[in-house]
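Me: I'd like a close look at a single part of this one. Could you pick a residue, say where it sits, and then work outwards from there?

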Amino acid sequence: MLHSRNALALADLRSDTVTRPTAGMRQAMAEAEVGDDVYGEDPTITALESRAAELLGKEAACFFSSGTQSNLAALLSHCGRGEEYIAGTEYHIYADEAAGAAVLGGISPCAIPCEADGSLSPSAVTGAVKPDDSHFAISRLLCLENTVHGRVLPLDSISAAAEAARAAGLSVHLDGARLFNASTALGVTPAALGALVDSVSFCLSKGLGAPVGSLLVGESAFIAKARRNRKMLGGGMRQAGIIAAAGLYALENHVDRLVEDHARARRLAEALLPLPELDLDLDRVQSNMVFITPRPDDHAALISFLADRGIIIAADVPTIRLVLHLDIDDARLEAIIKAFQDFYAR
């Protein structure tokens, strides 16, 4: 069984983080102007940050090596020790970032249940805000997410939760790791999503296909604070324009093509739906992800069968996420579909 992506793999469906830089992206990296970014002297990073702020309709941006670090810097910039952020139980910032806010920032998490579509109800947000009482942490921030496990939250859903938070005196941060997938699916600009919140983090290394990097955007004073927190977290970078160039290339060349990933995800889901041995909810296929639940007895055999054909999928139990991305073209997609069909035709 193949356990990691290699040169012989036909397709890796574990995540959209597995993509390799395109030829054009590699050229942009090779030709990037660089300088020492800690001194503010890397022109390519400056250009990337300016472009990110412009796209999101914010005053400023800061380049980070990862989304986890970007989110953590945002939490540290919004909240002080002994204060609290509220987030959905399914959200990455709460469930999948090693409790960094609590461990490193002394910031208490308050998790509330998500609705079926991944959103947070305004009443749940309001109910989670603590009263002004010395027994409790001070509620300071609401953290939202879009997309949520491939589900796309509409503008009115984000807006309603954000308005409930602001009515209680909280700021609002959006973990938009796949923000451009969300804006593409909704048919709105990234700035339309950015306008609903105070700060946004988004990844360049997921649907956009860059090898590394995330951006945090917000008001200038907030970003200045986040830049200081980035340094404290060990995130100050030097001649990192080489990787910033990949991000700039991605923003200019890989956003419009996200519709292709969404269409291929739909094609894959519709092709697998007739297989009675697979449980699949077609309504959940809203961006570039398809979730399948094989029969327990088929789980390991399916992974092995696909691996023998150069197709890598996650070993999650019971439900497996299949992620479409720029390395999966139509020919590879059809080969993936045939492999699934062949397995269940045995």
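Reply: Ser220 belongs to helix α10. Bear in mind that the model is predicted. With a relative accessible area of 37%, Ser220 falls between the cut-offs of 20% and 50%, so it counts as partly exposed. Leaving aside residues up to four places away in sequence, Ser220 touches Glu59 and Ala60. Ala60 takes us to the sheet, since strand β2 covers 60-64. For a longer reach, take Leu144: it lies 76 residues from Ser220 along the chain, and the two C-alpha atoms are 21 Å apart.

Now for the helix itself. α10 (residues 220-232) has α3 (residues 67-78) for company, with the two axes coming within 9 Å and crossing at roughly 120 degrees. That angle is neither over 145 nor in the 65 to 115 range, so the pair counts as oblique. The crossing of α3 past α10 is right-handed. On the α3 side, the contact is made by Gln69, Ala73, Ala74, Leu76, Ser77 and His78, and on the α10 side by Phe222, Lys225, Ala226, Asn229, Arg230 and Met232. Sorted by type, the residues of this contact come out as 6 nonpolar, 4 polar and 2 charged.

Back to the sheet. It is open, has 7 strands and mixed pairing, and runs in the order β2-β8-β7-β6-β5-β3-β4. β2 and β4 (108-112) are the edge strands with a single partner each, so each has one side without a neighbour in the sheet. On average, neighbouring strands are turned by 20 degrees against each other, ignoring direction. Further along that order, β3 (residues 83-88) and β5 (residues 138-145) run parallel and are joined by 5 bridges. One bridge pair to look for is Glu84 with Ser139 in β5. Helix α7 (residues 155-167) packs on this sheet, touching β5 and β6 (171-175), and its direction makes about 175 degrees with that of β5.

One more helix pair is worth setting beside α3 and α10. The axes of α12 (residues 258-272) and α14 (residues 330-344) come within 10 Å and cross at roughly 20 degrees. That is under 35 degrees, so these two count as roughly parallel. Their crossing is right-handed. Arg264, Arg267, Leu268, Ala271 and Leu272 are the α12 residues in the contact, and they meet a set in α14 that includes Asp330, Glu334 and Phe340. By type, this contact has 7 nonpolar, 1 polar and 4 charged residues.

Conventions:
Residues numbered from 1 in each chain as written. Predicted model: local features only at pLDDT ≥ 70, side-chain atom pairs only at ≥ 80, totals over all residues. Heavy atoms only, no water. Axes fitted to C-alpha atoms, helices over the stretch in contact; angles between N-to-C directions. Helix = DSSP H or I, 4+ residues; strand = E, 2+ residues; numbered from the N terminus. Left-handed = near helix turned anticlockwise from the far one by under 90°. Contact = heavy atoms within 4.5 Å. Nonpolar A, V, L, I, M, F, W, Y, C, P; charged D, E, K, R; others polar. Buried < 20%, exposed > 50% of the residue type's maximum accessible area, 1.4 Å probe, protein only. Pairing = 2+ DSSP bridges.
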